[in-house]
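Here are some short exercises to work through with the model open beside you. Try each task before you read its solution.

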Amino acid sequence: MSISDIIFVMVGIVTVGSAAVLVLSLSLIDSAFALLFTFFGVAMIYVFLGADFLAATPVLIYVGGILVLLLFGVMLTHRLYNLNLKAETFQIIPGILISLAVFVSLALVATQTRWHLVAEKPVVPTTETIGTLFMTDYLLRFEIASILLLIALIGAAMLVRRRSDA
Amino acid sequence: MITLYHYLLISAALFSLGVLGVLTRKKAVNVLMGIKLIFNAANINLVAFSRTSVLLQKAVAEE
């Protein structure tokens, strides 16, 4: 095993392990921190795949933005130590059975199929291509997405406004 | 040597854990975290295939 293989195995263990902690832990704070580690692990996997832009953006957006927002929201709206942040679970046995069936079938498909593989391309930076395509070929879709985000922003502001002064 | 199969197995594990989270939790926050895991698994698959598959590289080249 070369050193990159060892690093890859460790990244995989961290990713899947923290995903398991996310799903199995009963405390919401633990789940949020586990989600953070999962995102770091997934970003490392993107680095292994040579997708630099995709590796940077989830860390920036999720870990830097949404997850911090989530943690602050949870910590500010509840008192941390007394409350009922316990996640309720239900349908545990069928859920475990279904997810095991999903994993077995996906793993069988992944390992039994004979994929048409090529040698991996050399890693080139992708950000320049992505930016150019956003501003040329995919400009309309880019603008539509930005308008959709603007609508979501206005809608969120409308939703959290007090009803009395509406 | 890291091959496509390793990425696919990791993404399968993430996907099934996400399914478990979506199915067994009651609070919307936990369900959303499970959905996030599913999204990540799908994205890992897409990037892995775009890097190693013939068809996708042809499609990108013709783009």
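**Exercise 1. Place A:Val16 in its surroundings: which helix holds A:Val16, and which residues does A:Val16 touch?**

Step 1. A:Val16 sits in helix H1 of chain A; helices are DSSP runs of H or I with at least four residues, strands are runs of E with at least two, and both are numbered from the N terminus.

Step 2. Before going on, note that this is a predicted model, in which local features need pLDDT of at least 70, side-chain atom pairs count only at pLDDT 80 or more, and totals for chains, interfaces and linings use all residues. Residues are numbered from 1 along each chain as its sequence is written, while chains are lettered from A and ligands numbered from 1 in the order in which they are written.

Step 3. Count the neighbours: A:Val16 has 19 other C-beta atoms within 10 Å, so A:Val16 is partly exposed. The cut-offs are 20 or more for buried, 12 or fewer for exposed, and partly exposed in between, with C-beta atoms placed from the backbone.

Step 4. Leaving aside residues up to four places away in sequence, A:Val16 touches B:Ile10, B:Ala13 and B:Leu14. Contact here means C-beta atoms, placed from the backbone, within 7 Å.

**Exercise 2. Describe the contact between chain A and chain B: how many residues does each chain give?**

Step 1. Chain A gives 43 residues and chain B gives 39 residues.

Step 2. On the side of chain A that touches chain B, helix H1 (3-24), H2 and helix H4 (92-112) of chain A each supply at least two residues. H4(A) gives the most, with 11 residues.

Step 3. Sort that side of chain A by class: 28 nonpolar, 11 polar and 4 charged residues. Nonpolar covers Ala, Val, Leu, Ile, Met, Phe, Trp, Tyr, Cys and Pro, charged covers Asp, Glu, Lys and Arg, and the others, Gly among them, are polar.

**Exercise 3. Compare directions: are H2(A) and H2(B) roughly parallel or antiparallel?**

Step 1. The axes of H2(A) and H2(B) come within 11 Å and cross at roughly 5°. Axes are lines fitted to C-alpha atoms, for helices over the stretch in contact, and angles run from 0 to 180 degrees between N-to-C directions.

Step 2. The two helices are therefore roughly parallel; this label needs an angle under 35 degrees, while over 145 is roughly antiparallel, 65 to 115 roughly perpendicular and the rest oblique.

Step 3. Residues in this contact include A:Leu35 and A:Val42 of H2(A) and B:Leu37 and B:Ile44 of H2(B). The contact has 10 nonpolar, 4 polar and 1 charged residues.

**Exercise 4. Look within chain B: how does H1(B) lie against H2(B)?**

Step 1. Chain B has 3 helices and 0 strands.

Step 2. The axes of helix H1 (residues 4-24) and helix H2 (residues 28-52) of chain B come within 7 Å and cross at roughly 165°, so H1(B) and H2(B) are roughly antiparallel.

Step 3. The contact of H1(B) with H2(B) has 17 nonpolar, 8 polar and no charged residues.

Step 4. Finish with burial: 17 of the 21 residues of H1(B) are buried, and buried residues make up 49% of the 63 residues in chain B.

Definitions and conventions
Two residues are in contact if their C-beta atoms, placed from the backbone, lie within 7 Å.
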